[in-house]
2 protein chains.
Amino acid sequence: VIVGVFGVGAIGGSIALRARQNGTRVFGYDSDSSALEAAKGCGAIDEAMDPDELRERADVLVIAAHLAPALAEIARLKSAGGRMPAVVTDVASVKVPVAQAARGLENFVAGHPMAGTERSGVTAARPDLFEGRTWAYVPSGDAQLDERACDFISSLGATPLAVSAEEHDRIVAITSHVPQVVAYCYARLLTDTEGAEQLYGPVARELLRIAKMDPTMWRDILAANSVNVVRDLRSLAAELEKAGSDLKRVQ
Amino acid sequence: VIVGVFGVGAIGGSIALRARQNGTRVFGYDSDSSALEAAKGCGAIDEAMDPDELRERADVLVIAAHLAPALAEIARLKSAGGRMPAVVTDVASVKVPVAQAARGLENFVAGHPMAGTERSGVTAARPDLFEGRTWAYVPSGDAQLDERACDFISSLGATPLAVSAEEHDRIVAITSHVPQVVAYCYARLLTDTEGAEQLYGPVARELLRIAKMDPTMWRDILAANSVNVVRDLRSLAAELEKAGSDLKRVQ
């Protein structure tokens, strides 16, 4: 078995490290040539290749790029023709646009590991990043293909969970996307509070940790799921407003 | 040296365990006799005593109760007269009402360890709970008394930080109290989202963890710091609303 990883950042690098730990050969590509070299240098991948070589040679091809380049690679694969890996999957945080873009792409199963790190790049990769975590996938309608995808997910230590693209995006809006917005907003308020650094509680530390995540990456994710995120953000803002009014009454 | 702990819950129990680990004798009291027995049973305290015996015999007396019973004990100590420990301190999350109540109480230095657990009771106590954490205290104006209080705080593994009661309450409103309200509000929204359990991100997990904390205890804390908390809650709600509007524009 050969695993091809398109994008060797923190997620792609973690997939690569774990696959290699399993004794699998891993080929990698990254649009950033220094990132690709770093991945080869630290042993995350066996060989660097271009995207078409990955498609020609991998049995499992993982598009582990941010949303916009992942969508572009999916479009490129659709028009590439030729031999296709037995499984093509991705790791993007929003699944409706991916499922739409991939319609008609052979052997594609959309995926999303519920794991991450606030750091980016292959130096943030860990082979145990997915251990015990849920890895959502969107059933393709082809049971054998789905089984191959699930076997791959399980081989990385994660637990596959079948969910439709629409359900996925509705759910992660509240479980992951709204907390990210809260983190950015909260971090801004905290920065304005003089002397706060030494009196952080545990949630403050966690929110500040994820507020360090790449805002460009998150802007794309939030925009791609904006209907769900806006709805849940407004619900949370309304709940906070209500809590404030309830508290004001006790003053 | 004898440490007296008034209230042997998770915080008082952790203080007791660490003090005993340091070789210090620890006497304890709790209004809940079964909690007091449990503290004795698990070796957190050497002996159970009533509040007046603690005052008579302890060198350091820590009022480790929730806000309301802590204020009541401070009032009781003020009118008790007689011998007073060399340091009397507390651990409540709000300092202005404590400082007001303790005005005129001999040897009192208000304190607040920036550490906690979502679980309660002595079974949640850990001797290393304060290790490396900040422990805020309100300088009393008596340098020798403050030094004794700081020595005690340091002996528990924490780092003392001098802060006025007003500054403390202004800062913890955003670093600790607002996150707690966010956790309660967020947990409510999440409960309303079908199928969310398996797709939690790291912040969702942290918010749900602290949303399990005793709402009665927190209602008292939030009410006692409501001016600061309401101000910061409304700022956060407004930021979330604004983020929602910005996102809506990209739809």
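The following is a working chat about the structure shown above.

Me: Before we start, what kind of model is this, and how are residues and chains labelled?
Reply: This is a predicted model, in which local features need pLDDT of at least 70, side-chain atom pairs count only at pLDDT 80 or more, and totals for chains, interfaces and linings use all residues. Residues are numbered from 1 along each chain as its sequence is written, chains are lettered from A and ligands numbered from 1 in the order in which they are written, and side-chain values use heavy atoms, with hydrogens and water left out.

Me: Thanks. How many residues does each chain bring to the contact?
Reply: Chain A contributes 55 residues and chain B contributes 55 residues, where contact means heavy atoms within 4.5 Å.

Me: And what area do the two chains bury?
Reply: Chain B and chain A bury about 5100 Å² between them, with 72% of it on carbon and sulfur atoms. Buried area here is the accessible area (1.4 Å probe) that two parts lose on being put together, summed over both.

Me: How many residue pairs are in polar contact across that interface?
Reply: The rule finds 14 such residue pairs, both residues being at pLDDT 80 or more. A polar contact is a pair of N or O atoms within 3.5 Å; within protein, one must be able to donate a hydrogen and the other to accept it, and residues adjacent in sequence count only if both atoms are side-chain atoms.

Me: Which elements of chain B supply that side?
Reply: Strand E8 (134–137), helix H7 (165–191), helix H8 (202–211), helix H9 (215–224) and helix H10 (226–249) of chain B each supply at least two residues. Helices (H or I, at least four residues) and strands (E, at least two) are DSSP runs, numbered from the N terminus.

Me: Which one gives the most?
Reply: H10(B) does, with 18 residues on the side of chain B that touches chain A. That side divides into 32 nonpolar, 11 polar and 12 charged residues; Ala, Val, Leu, Ile, Met, Phe, Trp, Tyr, Cys and Pro count as nonpolar, Asp, Glu, Lys and Arg as charged, and the others, Gly among them, as polar.

Me: How many salt bridges cross the interface?
Reply: Four are found between chain B and chain A, a salt bridge being a side-chain nitrogen of Lys or Arg within 4 Å of a carboxyl oxygen of Asp or Glu. Glu241(A) pairs in this way with Arg234(B), with the closest N and O atoms 3.7 Å apart. Glu241(B) likewise forms a salt bridge with Arg234(A), at 3.7 Å between the closest N and O atoms.

Me: Why does the Glu241(B) and Arg234(A) pair join two chains?
Reply: Glu241(B) lies in helix H10 of chain B and Arg234(A) in helix H10 (residues 226–249) of chain A, so the pair joins the two.

Me: Is Glu241(B) buried or exposed, or in between?
Reply: Glu241(B) is partly exposed, at 32% relative accessible area, and Arg234(A) is also partly exposed, at 29%. Buried means under 20% relative accessible area, exposed over 50%, and partly exposed in between (1.4 Å probe, protein chains only).

Me: Now Leu240(B): where is it, and what does it touch in chain A?
Reply: Leu240(B) sits in helix H10 of chain B and is buried, at 1% relative accessible area. Its contacts are Val181(A), Val182(A), Cys185(A), Leu233(A), Leu236(A), Ala237(A) and Leu240(A), not counting residues up to four places away in sequence.

Me: Changing topic, what does H8(A) pack against?
Reply: The buried residues of H8(A) pack against helix H7 (165–191) of chain A together with H7 and H8 of chain B. Seven of the 10 residues of helix H8 (residues 202–211) of chain A are buried, so this helix is largely enclosed by the rest of the structure. Among the buried ones are Val203(A), Glu206(A) and Leu207(A).

Me: Back to salt bridges. What do Asp52(A) and Arg76(A) tie together?
Reply: Their side chains meet in a salt bridge (3.3 Å, N to O). Asp52(A) lies in helix H3 (residues 51–57) of chain A and Arg76(A) in helix H4 (residues 67–80) of chain A, so the pair ties together parts that are 24 residues apart in sequence.
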